[in-house]
Amino acid sequence: MATARAIAGPQTSRAENGHDIKAVATTVNIKVAIIEDEENVRNALVFQLSTAGFAVVAYSSAEELLESADAKDFDCVVADIYLPRMNGLQLQEELNRTIPYASIVFITGHGDLSLGMHAMRQGAVDFLEKPVDDQALLNSIARGVRLSRERRAEQCRRIEVEELERSLTSREHEVFALITTGLLNKQVGAELGTTERTVKAHRASIMTKMGADSLADLVRMAGILQIHSPSKTLE
């Protein structure tokens with residue numbers, strides 16, 4: 001089956017593609033959504049991806065996917081960009097808003113470089129022309145699965161850290177923000193108008209509440225939370 005890519009994702013070597021395919025093939029419970037309004041194309045894609053070992057659910061429209069209770073569970077979405085009513089780009093915008101970790105691979109029967117460029121800038125994994133080459137599609141889905149699972153893990157970690165952060169007192173929030181910028185306890189004390197001993201006590205409490213084993217752990221958490229100290233620069 002021949003293929004022509006109007007726009008391609010990040011270039012990978014043949015070896016890397018092979019690694020992606022192997023990783024996907026040996027990973028269980030990978031869920032792929034297909035959105036295609038042409039029934040014969042939709043059925044062919046379902047057969048192709050099911051044969052490759054994916055758990056596949058097919059939809060005839062973007063709205064049908066978004067209304068599904070399973071919408072948040074897919075590792076990758078394969079969608080025709082020219083869908084009726086809500087088109088592929090509108091679907092992508094909605095997924096970016098509501099399911100930010102979702103990855104999407106576009107397929108199209110009408111090559112349009114500018115459309116593909118726009119989709120890729122918005123985070124699409126790939127933009128493939130029909131008839132889609134089996135290997136090219138599997139490579140794209142493999143990248144999409146990896147990205148989606150990485151993003152989902154990051155989101156789960158952020159939610160976990162945000163929950164821990166809510167246990168901090170207002171003063172502990174201030175100390176957290178300052179110590180993760182690299183200030184010493186005595187500098188933090190000077191900044192907040194308190195003693196170094198008090199800062200040490202707050203710091204110990206923060207470490208316990210945040211489940212941190214080291215300052216480096218707290219710094220990583222501050223990065224996840226995008227915490228920036230409001231303090232003035234100490235001379």
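Hi everyone! One term before we begin: pLDDT is the predictor's confidence in each residue, on a scale from 0 to 100. We need it today since what you see above is a predicted model. Across the protein chain the mean pLDDT is 85, and 85% of the residues reach 70 or more.

Where does pLDDT stay under 50? One such stretch is residues 1–27, for which the model has 53 contacts beyond four places in sequence. Another is residues 231–235, with six contacts in the model beyond near neighbours in sequence. Where pLDDT is low, the predicted coordinates should not be read in detail.

Now the overall picture. The protein chain is built with ten helices and six strands. Of its 235 residues, 40% are buried. Here is a number about how the chain folds back on itself: take the contacts between residues at least 6 apart in sequence, and 69% of them join residues at least 24 apart.

Let's visit helix 4, residues 88–98. Which of its residues are buried? They are G88, L91, Q92 and L95. These residues cover an arc of only 100 degrees around the axis, so they sit on the same side of helix 4. Turn to the other side of helix 4 and you find E93 and R97, both exposed. And what do the buried residues pack against? Their partners are strand 2 (31–35), helix 3 (62–66), strand 4 (76–80), strand 5 (104–108) and helix 5 (113–121).

Follow the chain out of helix 4 and, in the loop that leads to strand 5, you meet P100. Is P100 buried or exposed? Something in between: P100 is partly exposed, because its relative accessible area is 41% and the partly exposed class runs between 20% and 50%. Leaving aside residues up to four places away in sequence, P100 touches L95, R151 and Q155. You may remember L95 from the buried residues of helix 4. P100 and S148 are 48 residues apart in sequence, yet their C-alpha atoms are 8.9 Å apart in space.

Next, helices against helices. Two packed helices are described by the angle between their axes and the distance between the axes. For helix 7 and helix 9, the angle is about 90 degrees and the axes are 9 Å apart. These two helices are therefore roughly perpendicular to each other. Helix 7 brings R171, E172, V175, F176 and I179, while helix 9 brings V199, H202, R203, S205, I206, K209 and M210. Sorted by class, the residues of this contact are six nonpolar, two polar and four charged.

Our second pair is helix 6 (residues 134–165) and helix 10 (residues 215–225), whose axes come within 10 Å and cross at roughly 105 degrees. That angle makes helix 6 roughly perpendicular to helix 10. From helix 6 we have R157, R158, V161, E162 and E165, and from helix 10 M221, I224 and L225. This contact has four nonpolar, no polar and four charged residues.

Let's stay with helix 10 to finish. Its buried residues are D217, L218, M221, A222 and L225. They span an arc of only 140 degrees around the axis, which means they lie on the same side of helix 10. Covering them are, among others, helix 6, helix 7 (170–179) and helix 9 (196–210). Just after helix 10 comes Q226, with a positive phi of about 55 degrees.

Thanks for listening!

Note on methods: Residues are numbered from 1 along each chain as its sequence is written. This is a predicted model: local features need pLDDT of at least 70, side-chain atom pairs count only at pLDDT 80 or more; totals for chains, interfaces and linings use all residues. Side-chain values use heavy atoms; hydrogens and water are left out. Axes are lines fitted to C-alpha atoms, for helices over the stretch in contact, and angles run from 0 to 180 degrees between N-to-C directions. Helices (H or I, at least four residues) and strands (E, at least two) are DSSP runs, numbered from the N terminus. Angles under 35 degrees count as roughly parallel, over 145 as roughly antiparallel, 65 to 115 as roughly perpendicular and the rest as oblique. Contact means heavy atoms within 4.5 Å. Ala, Val, Leu, Ile, Met, Phe, Trp, Tyr, Cys and Pro count as nonpolar, Asp, Glu, Lys and Arg as charged, and the others, Gly among them, as polar. Buried means under 20% relative accessible area, exposed over 50%, partly exposed in between (1.4 Å probe, protein chains only). The arc is that of the directions from the helix axis to the C-beta atoms.
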